[in-house]
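Reader: I should like a close examination of one part of this model, namely the pairing of strands within its parallel sheet and what surrounds that pairing. Please set out the account as one connected description.

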Amino acid sequence: MPFAHSVRSAVLFVAGAVLVAGCGTGPGAGAGGAAAAPGAAGAGAGYPVRLDNCGQGVEVDRAPRRAVALDQGSAEILLSLGLADRMVGTATWTDPVLKGLEKANASVPRLADRYPSFEKVLDTEPDFVSASFLYTLGKGGVAPRERFAELGVPTYLSPTDCVGKDNTGDGDGVRTKPLTMDTVYGEIRDLARVFGVPERGERLVGELRARVAKATAGADFGDASVLYWFSDSQGPYMAGCCGAPGIVSGALGVRNVFDDTKEEWPQINWETVADRDPDVLVIADLTRKAQSAESAAKKIAFLESHPVTRNMTAVRKKRYVVLSGQAMNPTLRTVEGIEKVAAALKTYGLAK
């Protein structure tokens, strides 16, 4: 998810007592009144949970009661698992919350629309912190994982941002191997296990798999080509081959016109975009205001007025697919991307 920001470097020391809170008795029922799994209250059966997470060991001694999700993708997984009653904060949102989660989300404080300060996160007295992106829990983000570890707070980073990915460069990383939904499913299972509700994780994974199967059943879009534009009109971020948009393209058998780059979100000039001339433009509709042309409406207005882009095939034929930013990130909403792109390709007569 491409964007830069700045965070205060000075962080106030918070007493250890702040971080030991939130270890009461059994957690309440989740969404739909589902009972907590055995061992969810305190250090019972199934605990401690130990994970190898993005090269770091994570140990959780009991089901978290005061969790903070620092990125929208992570927050929506926890909410989808019925864990709103065990969350004390969320942050870094690009879109409205996933449909159906509005009530649960409203019950959890939003610490910031973008990145909160480290001390603001600590003020919630967290006993577990999760994030979708390495940057969020890295230097320049909210705080490195080590800062939380020093205070006894376990952290979890989505494996979608580290498995088969090189983040050592200055951009949004390079995929060393294509991302798959199995990695997303693994994240869901990990978090469900951490919270002592593995059966909810399996149920959610099953629902997502069924949706993918339905969306791709009989799909044949021949040689249809697509382009994925996330943000910025001045130095546009387009999807490379192998991140979440690669999952969408692969599931539907279509060609990403920039599948010759393994960069996650390379910035590509409009002349090159026009030369590739995709059949369909998949564009993110963001509610944040971090860069130019964040909303789908502004993106489309730009495309239809710019002298380089207005004569592209997809622009002339108005072949647009509007997705949430989260559907173009590696999250459970990538399934939404598969569904909507498939439906649009059929509508545009590109199915064989």
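Author: In this predicted model, strand β3, residues 67-69, runs parallel to strand β6, residues 128-131, and 3 bridges join the two. One point of register can be named: Ala 67 has Phe 128 of β6 as its bridge partner. Strands of a sheet pair through backbone hydrogen bonds, in either a parallel or an antiparallel manner.

The pair belongs to an open sheet of 5 strands, paired in parallel and ordered β5-β4-β3-β6-β7. The edges are taken by β5 (110-112) and β7 (155-157); each has a single partner strand, so one side of each is left without a neighbour in the sheet. From one strand to the next, the twist averages 20 degrees.

Helices pack against this arrangement. Helix α2, residues 72-80, lies across β3, β4 (87-91) and β6, and its direction makes about 145 degrees with β4. Helix α6, residues 181-194, also packs on the sheet, where it touches β6 and β7; the angle between its direction and that of β7 is about 165 degrees. Strand β6 is thus touched by α6 and crossed by α2.

Helix α2 also takes part in a cavity. A search of the whole structure finds 1 cavity of 30 Å³ or more, and the volume of the largest cavity is about 40 Å³. With 3 residues, α2 gives the most to its lining. The lining residues include Gly 73, Ser 74 and Ile 77, together with Ser 132, Phe 133, Ser 158, Thr 160 and Glu 187, as well as Pro 330 and Thr 331. Sorted by class, the lining comprises 3 nonpolar, 6 polar and 1 charged residues.

Another strand pair provides a counterpart to the parallel one. Strands β1 (residues 49-53) and β2 (residues 56-60) run antiparallel and are joined by 5 bridges. Within this pair, Asp 52 stands opposite Gly 57 of β2. The two strands form a hairpin with 2 residues between them. Cys 54 lies in the loop between β1 and β2, and its phi is near 50 degrees, a positive value in a residue other than glycine. Ahead of the hairpin, Pro 48 is found in the loop between α1 (16-19) and β1; the peptide bond that leads to Pro 48 from Tyr 47 is cis, with omega near 0 degrees. Most residues other than glycine have a negative phi, and most peptide bonds are trans.

Finally, the confidence of the prediction should be stated. The protein chain has an average pLDDT of 89, and 87% of the residues score at least 70. Over residues 3-42, however, the pLDDT is below 50, and this stretch has 77 contacts in the model beyond near neighbours in sequence.

Terms used. Residues are numbered from 1 along each chain as its sequence is written. This is a predicted model: local features need pLDDT of at least 70, side-chain atom pairs count only at pLDDT 80 or more; totals for chains, interfaces and linings use all residues. Side-chain values use heavy atoms; hydrogens and water are left out. Two strands pair if DSSP finds at least two bridges between them. Helices (H or I, at least four residues) and strands (E, at least two) are DSSP runs, numbered from the N terminus. Axes are lines fitted to C-alpha atoms, for helices over the stretch in contact, and angles run from 0 to 180 degrees between N-to-C directions. Contact means heavy atoms within 4.5 Å. pLDDT is the predictor's confidence in each residue, from 0 to 100. On a 1 Å grid over the protein atoms alone, a cavity is a set of points where a 1.4 Å probe fits but cannot get out, and a pocket is an open set with protein on both sides within 12 Å along at least five of seven lines; lining residues have an atom within 4 Å of a point. Grid points are joined across faces, edges and corners, and a volume is the space filled by probe spheres set on the points. Ala, Val, Leu, Ile, Met, Phe, Trp, Tyr, Cys and Pro count as nonpolar, Asp, Glu, Lys and Arg as charged, and the others, Gly among them, as polar.
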